[in-house]
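Trainee: Got a minute to walk me through this one? I'd like to get my bearings before I set anything up.

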Amino acid sequence: MLIALNDDITAEQKQRLAAGIWRRLQQFETVEMNGKTVLDVHGIFPETFRGEFERMEGVEAVFAPDAPLVCNVEPTRFFDKFALIAGPCAVEPGDGLFQLAQELKAVGATALRGGAFKPRKSPYLFQGLGLDGLKILKEAGRAADLPVVSEITDTRDVELFNEYVDIIQVGARHMSNTPLLKELAKIGKPVILKRSPTATIEEFLLAAEYLFADGNTSVMLCERGIRTAEPATRNTLDVAAVPVLKTLTRLPVFVDASHGTGFAELTAPMSLAAAAAGADGVMLEVHENPPCAYSDAAQALTTDAFSRLIKQIAAVRAALEVSYE
Ligand code: PEP
Ligand code: MN
């Protein structure tokens, strides 16, 4: 955003303007352009900022040549109420997912998750059931009347995911895989985009911008913890990212407290914190028998614990009168 200053701006007006920009965006550069003094403000910010600066004394004009679409365009919403996406980390062999899906639906889940292509840290760990996993997930979701969510890890699988899932998850490891984002933008299927543990909020939103830029506005953001110096939790759940993202964009913002903490007992308090912070939904790993989960056993909830948590989330939202149903 470029803020051109009046030639006769007073020192006091200039100081007020600088303080206003600094308070909101923490940075700007003063440059000379065609004989005019211009403040060059970098980064991502909501369209409303433009109007605010236009009205400030000493400002001649504001230009936003590269305003990002994610900040200004109304997204297409997949969920029409608070989303409760639940299911195992990975789809496992057997028919356990059918029973689990029925139970999740009965207690109030609004979507079923399950990874079929798992991005594990070691090649010797369970890698997922691949296409068979997608088939099981689709069937289990259909039987329980739940839309299904699964993570894509390879651009070559876009057509497959288009056929088998209702929402395509782009995992933290692929947030900045721009060829993948471009392909997903083309097919227009709803996408849950997870934040990379090393991404700033601006980088996260610019990844979403890749989807918007090629015409896919059905995008949901998911905070799932960032990497910090703190080893007590698997990641550091950045709950503040929820209100920050919600001031910058109208995209639904979800929180995954399972990967965000790494421990089942921490997922409830952090999901409640997410609800209180204004999240539009949560994603949680739930398993029919957590200690035996093929992956991420320590962070999996039982259906009972998930059911209790849903009630607490509803109570928090009611107490705070969160408006987005
Ligand atoms: C997952 O949801 O199964 C997953 C691997 O999450 P993330 O990409 O956030 O690590
Ligand atoms: Mn997992």
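Mentor: Sure, let's start with a term. A pocket here is an open set of grid points with protein on both sides within 12 Å along at least five of seven lines, and a molecule sits in a pocket if more than half of its atoms lie within 2 Å of its grid points. Keep in mind that this is a predicted model.

Trainee: Okay, so where does ligand 1 sit?

Mentor: In the largest pocket.

Trainee: And which residues surround ligand 1?

Mentor: The residues around ligand 1 are R113, K118, E151, Q169, G171, A172, R173, K194, R224, H259 and E285.

Trainee: What about polar contacts? How far is the side chain of K194 from an oxygen atom of ligand 1?

Mentor: A polar atom in the K194 side chain is 2.8 Å from a ligand 1 oxygen. For Q169, a side-chain N or O atom is 2.9 Å from an oxygen atom of ligand 1. With R173, the side-chain N or O atom lies 3.1 Å from an oxygen atom of the ligand.

Trainee: How much of the accessible area of ligand 1 does the protein cover?

Mentor: On its own, ligand 1 has 290 Å² of accessible area, and the protein covers 97% of that.

Trainee: Switching to the metal. Which protein donors does the manganese ion have?

Mentor: Ligand 2 is the manganese ion, and its protein donors are C89 through SG, H259 through NE2, E285 through OE and D296 through OD. They lie 2.0 to 2.4 Å from the ion. Along the chain, the donors follow the spacing C-x169-H-x25-E-x10-D.

Trainee: Where in the chain are H259 and D296?

Mentor: H259 is in helix 10, residues 257-261, while D296 is in the loop between strand 12 (281-285) and helix 12 (303-320). The two are 37 residues apart, so this pair links distant parts of the chain.

Trainee: Are those two buried or exposed?

Mentor: Both H259 and D296 are buried. H259 and E285 turn up twice in this chat: they are manganese donors, and they are among the residues surrounding ligand 1.

Trainee: New topic: backbone angles. What is phi for N34?

Mentor: It's near 45°, a positive value in a residue that isn't glycine. For context, most residues other than glycine have a negative phi. N34 is in the loop between strand 2 (29-33) and strand 3 (36-40). It counts as exposed because its relative accessible area is 82%, and the cut-off for exposed is over 50%.

Trainee: And D145, what's its phi?

Mentor: D145 also isn't a glycine, and its phi is positive, at about 60°. Its place is the loop between helix 5 (131-144) and strand 7 (148-152). With a relative accessible area of 57%, D145 is exposed.

Trainee: Now some buried spots. Why does V62 count as buried?

Mentor: Because its relative accessibility is 3%, and buried means under 20%. V62 lies in strand 4, residues 59-63. Its C-alpha is 9.4 Å from that of L39, with their positions 23 residues apart in sequence.

Trainee: Where is A274 found?

Mentor: In helix 11, residues 264-276. A274 is buried, with a relative accessible area of 0%. The C-alpha atoms of A274 and P243 are 9.5 Å apart, and the two residues are 31 apart along the chain.

Trainee: Last one: Q13, buried or exposed?

Mentor: Buried, because its relative accessibility is 17%. Q13 is in helix 1, residues 11-25. Q13 and V59 are 46 residues apart in sequence, with their C-alpha atoms 8.9 Å apart in space.

Key. Residues are numbered from 1 along each chain as its sequence is written. Chains are lettered from A and ligands numbered from 1 in the order in which they are written. This is a predicted model: local features need pLDDT of at least 70, side-chain atom pairs count only at pLDDT 80 or more; totals for chains, interfaces and linings use all residues. Side-chain values use heavy atoms; hydrogens and water are left out. Donors are N, O and S atoms within 2.8 Å of the metal (3.2 Å for Na, K and Ca); water is not among the atoms, so sites may look incomplete. Helices (H or I, at least four residues) and strands (E, at least two) are DSSP runs, numbered from the N terminus. Buried means under 20% relative accessible area, exposed over 50%, partly exposed in between (1.4 Å probe, protein chains only). A residue is near a molecule or strand if one of its heavy atoms lies within 4 Å of it. A polar contact is a pair of N or O atoms within 3.5 Å; within protein, one must be able to donate a hydrogen and the other to accept it, and residues adjacent in sequence count only if both atoms are side-chain atoms. Accessible areas come from the Shrake-Rupley method with a 1.4 Å probe; for residues, only the protein chains shown count as cover. On a 1 Å grid over the protein atoms alone, a cavity is a set of points where a 1.4 Å probe fits but cannot get out, and a pocket is an open set with protein on both sides within 12 Å along at least five of seven lines; lining residues have an atom within 4 Å of a point.
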